[in-house]
Amino acid sequence: MSKQRVIFCDFDGTITVNDNIVAIMKHFQPPGWDELVNQVISKQISVQEGVGRMFALLPTSRKQEIVDYAIGNVTIRAGFQQLLDYCREEHIQFLVTSGGIDFFVYPVLSAFPIPKEHIYCNGSDFSGSQIEILWPHACDEHCTNHCGMCKTAIIRSYSADQYERILIGDSITDFAGAKLVDTVFARSHLIQLCEELKLNYYPFEDFHDVIKQLEEMKVK
Ligand SMILES: [Mg+2]
Ligand SMILES: [Zn+2]
């Protein structure tokens with residue numbers, strides 16, 4: 001019996017061409033955001049701490065502007081709808097595992113036929129004076145990365161005995177998950193990590209490349 005395929009697909013920089021958190025910060029320029037980005041990249045602080053503190057720099061009085069900018073700024077990577085079609089035809093489970101925030105992830109993905117329960121991302125609370133990020137999928141006792149949205153917890157809930165686990169991603173939020181899965185589709189920083197750790201990976205430019213490779217892996 002062949003294993004059921006399941007795909008864990010990142011959102012920012014993967015489904016979308018740009019990283020939306022960085023785009024929001026670059027546009028609204030709250031003082032201190034770039035220092036926080038550098039601290040996350042150099043691993044002085046966790047992704048969870050960095051993202052939480054960056055959004056706490058933004059006043060909720062600008063909510064509409066921020067939401068409109070985030071949604072309006074998005075470009076979807078080529079072949080995404082085709083990948084969803086392919087997964088439906090091939091009975092591949094497709095999950096969005098995003099370190100992004102609900103107020104842009106859900107509206108952008110509403111254009112695609114993905115059930116809401118297959119989309120994992122962080123939450124947000126605009127009721128105070130500054131934006132507060134909520135963490136409905138924080139790390140469990142098996143993960144100490146302070147991911148914010150813990151991809152490894154979701155991946156581990158699909159057992160390696162039953163599932164062929166595939167991760168698609170591009171960057172720091174994908175590093176921990178990439179070490180767990182059978183196959184990685186990588187762009188950008190994630191390529192370097194896969195090279196360093198000798199993970200089983202394929203670089204990709206768009207989702208047409210992913211479909212082609214999934215077909216080849218099936219024949220193998
Ligand atoms: Mg990403
Ligand atoms: Zn984690």
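**Entry 1: G79**

I began with G79, which touches D206, F207, H208 and I211 once neighbours within four places in sequence are left aside. The model I am reading is predicted. I found G79 in the loop between α5 and α6, the latter spanning 80-90. I counted 19 other C-beta atoms within 10 Å of G79, so this residue is partly exposed; the buried class starts at 20. I also looked up the separation of G79 from H189: the two are 110 residues apart along the chain, and their C-alpha atoms are 21 Å apart.

**Entry 2: Q162**

I went next to the loop between α8 and β5, where Q162 sits. Is Q162 buried or exposed? Q162 has 11 other C-beta atoms within 10 Å and is therefore exposed. Setting aside residues up to four places away in sequence, I list K3 and Q4 as the residues that Q162 touches. Q4 and Q162 are 158 residues apart in sequence, yet I read 6.5 Å between their C-alpha atoms.

**Entry 3: the pair α3 and α4**

I looked up how helix α3 (residues 33-41) sits against helix α4 (residues 47-55): their axes are 9 Å apart and meet at an angle of about 175 degrees. I therefore note α3 as roughly antiparallel to α4, since angles over 145 degrees are put in that class. On the α3 side I list W33, L36, V37, Q39 and V40 in the contact, and on the α4 side V47, G50, R53 and M54. Sorted by class, this contact holds six nonpolar residues, two polar and one charged.

**Entry 4: the two sides of α3**

Staying with α3, I marked W33, L36 and V40 as its buried residues. Their arc around the axis is only 60 degrees, so I place them on the same side of α3. On the other side of α3 I found E35 and N38, both exposed. The cover over the buried residues of α3 includes α2 (20-28) and α4. After α3 comes K43, for which I read a positive phi near 60 degrees.

**Entry 5: α7**

I turned to helix α7, residues 102-109, and found F104, V105 and L109 buried. Seen down the axis of α7, these buried residues fall within an arc of 110 degrees, so I record them as lining one face of the helix. Which elements cover them? I noted α1 (11-15), α2, α5 (63-72), β2 (93-101) and β3 (119-125) among the covering elements.

**Entry 6: α10**

I repeated the reading for helix α10 (residues 189-197), where L190, L193 and C194 are buried. Down the axis of α10 the arc holding its buried residues is 100 degrees, so these too line one face of their helix. Q192, E195 and E196 are exposed on the other side of α10. I list β5 (163-169), α9 (175-178), β6 (183-186) and β7 (201-203) as what the buried residues of α10 pack against. Just after α10, I read a positive phi of about 55 degrees at K198.

**Entry 7: positive phi in loops**

Most residues other than glycine have a negative phi. I therefore wrote down two loop residues that depart from this pattern. S188 is not a glycine, and its phi is positive, about 55 degrees. I located S188 in the loop between β6 and α10. With 16 other C-beta atoms within 10 Å, S188 is partly exposed. H146, also a residue other than glycine, has a positive phi near 55 degrees. I located H146 in the loop between β4 (132-134) and α8 (151-156). For H146 I have 16 C-beta neighbours inside 10 Å, so H146 counts as partly exposed.

**Entry 8: the core**

In soluble globular proteins, nonpolar side chains tend to be buried together. I looked up the largest nonpolar core here and found 51 residues in it. Which residues have the most contacts inside this core? I wrote down I7, C9, L167, I168, A178, V184 and V210. I then followed C9: leaving aside its neighbours within four places in sequence, C9 is in contact with T14, I15, F94, L95, V96, T97 and I168.

Notes: Residues numbered from 1 in each chain as written. Chains lettered and ligands numbered in written order. Predicted model: local features only at pLDDT ≥ 70, side-chain atom pairs only at ≥ 80, totals over all residues. Axes fitted to C-alpha atoms, helices over the stretch in contact; angles between N-to-C directions. Helix = DSSP H or I, 4+ residues; strand = E, 2+ residues; numbered from the N terminus. Parallel < 35°, antiparallel > 145°, perpendicular 65-115°, else oblique. Contact = placed C-beta atoms within 7 Å. Nonpolar A, V, L, I, M, F, W, Y, C, P; charged D, E, K, R; others polar. Buried ≥ 20, exposed ≤ 12 C-beta atoms within 10 Å, placed from the backbone. Arc of directions from axis to C-beta. Core = buried A, V, L, I, M, F, W, Y, C linked by C-beta atoms within 7 Å.
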